[in-house]
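Hi everyone, thanks for making time. Please have a look at the structure I'm about to put up, and then I'll walk you through it.

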Amino acid sequence: TDFHDSDRRQLLGKALATTVGVFTSSPVLPALASPSKSRTEGYSVQHSEKEWESLLSAQQYNILRRGGTERQRSSILDDEERVGTFVCAGCSTPLFASAAKFKSGTGWPSFASALLDNGAVEVLDGAEVRCNTCGGHLGDVFNDGWRFVGTPAFKTGKRFCIDGAALVFKPESGGKDVVGDRLPPNKVINYEPAAYRERPAT
């Protein structure tokens, strides 16, 4: 079966409702983002689809260029806690600071805010989050930050729920970049691009 944004919102509702000691009721999730806007028009970084396929891994391409969604807890970046910057895996634009990252318990990297007063990302119809440089799909934003007491999200009221595979982490201390489509240690998931494909436009 296909796994899309609507499926992720259902999973998020279950994950949030069952997180011990955090929530008392199920969250109100936003409506689906409009798929009508092109992922290429109006963005400064442009490539043909063949070029994108050669530049990105299968999972990165399916998420960034087709609006797919990774499985919960399938990205090594979900547990990344070092100081640094999370950049777009498609164009290397800095998107999120480590100071804005917090543990949401949902299984996807979560941030309270984006860089540059949200100028680094674009939010469509109040839900879908895209890179404002290349138009790559990053995830979704929810207005339930108030639920996460003691985290940066409690102050901003926002929770940017981002696919780890859409990101690359650059540690401030130097060292190797961490590509988000890597699995957490000791975890095996057979990635099948067809299972994550975005629904065709109707």
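**Sheets, core and rings**

Let's start with confidence: the protein chain has a mean pLDDT of 80, and 73% of its residues reach 70 or more. For anyone new to the term, pLDDT is the predictor's confidence in each residue, from 0 to 100. So yes, this is a predicted model: local features need pLDDT of at least 70, side-chain atom pairs count only at pLDDT 80 or more, and totals for chains, interfaces and linings use all residues. Residues are numbered from 1 along each chain as its sequence is written, and side-chain values use heavy atoms, with hydrogens and water left out.

Where is confidence lowest and where is it highest? The low end is helix α1 (residues 5-18), at a mean of 46, and the high end is β9, at 98. Helices (H or I, at least four residues) and strands (E, at least two) are DSSP runs, numbered from the N terminus. Please be careful with residues 1-6, where pLDDT stays under 50 and the model has 22 contacts beyond four places in sequence. Residues 193-202 are also below 50, with 24 contacts beyond near neighbours in sequence. By contact I mean heavy atoms within 4.5 Å.

Now the sheets. One open sheet has 4 strands in the order β2-β1-β9-β10, with antiparallel pairing. Two strands pair if DSSP finds at least two bridges between them. At the edges sit β2 (94-97) and β10 (178-179), each pairing on one side only. Strand β9 (residues 167-171) pairs with β10 over 2 bridges, in the antiparallel sense, and there Val168 stands opposite Val179.

The other open sheet I'd like to show you has 6 strands, ordered β3-β4-β8-β7-β6-β5, and its pairing is antiparallel. Its edge strands are β3 (101-102) and β5 (121-124). Inside it, β7 and β8 pair over 4 bridges, and Gly139 faces Ile162 of β8.

What fills the largest nonpolar core? It has 30 residues, and those with the most contacts inside it are Leu95, Phe96, Val121, Leu138, Phe160, Ile162 and Leu167. Such a core is a set of buried Ala, Val, Leu, Ile, Met, Phe, Trp, Tyr and Cys residues joined through side-chain atoms within 4.5 Å. Buried means under 20% relative accessible area, exposed over 50%, and partly exposed in between (1.4 Å probe, protein chains only). Elements that each supply at least two core residues include α3 (58-64), β1 (84-88) and β6 (128-131). Beyond its neighbours within four places in sequence, Phe96 touches a list of residues, among them Phe86, Phe111, Val121, Phe160 and Leu167.

That brings us to the aromatics, with 5 pairs in the count. Rings of Phe, Tyr and Trp (its six-membered ring) pair if their centres lie within 6.5 Å; planes under 30 degrees apart count as stacked, over 60 as edge-to-face and the rest as tilted. Phe86 and Phe111 have ring centres 5.0 Å apart and planes at 70°, so this pair is edge-to-face. Phe86 lies in strand β1 and Phe111 in strand β4 (residues 110-111), so the pair ties together parts 25 residues apart in sequence. Both Phe86 and Phe111 are buried. With Phe169, the Phe86 ring has a centre distance of 4.7 Å and a plane angle of 45°, so that pair is tilted. Here strands β1 and β9 are linked, with the two residues 83 apart. Phe169 counts as buried because its relative accessibility is 0%.

To finish, ring pairs join Phe86, Phe96, Phe111, Phe160 and Phe169 into a cluster. Thanks for listening!
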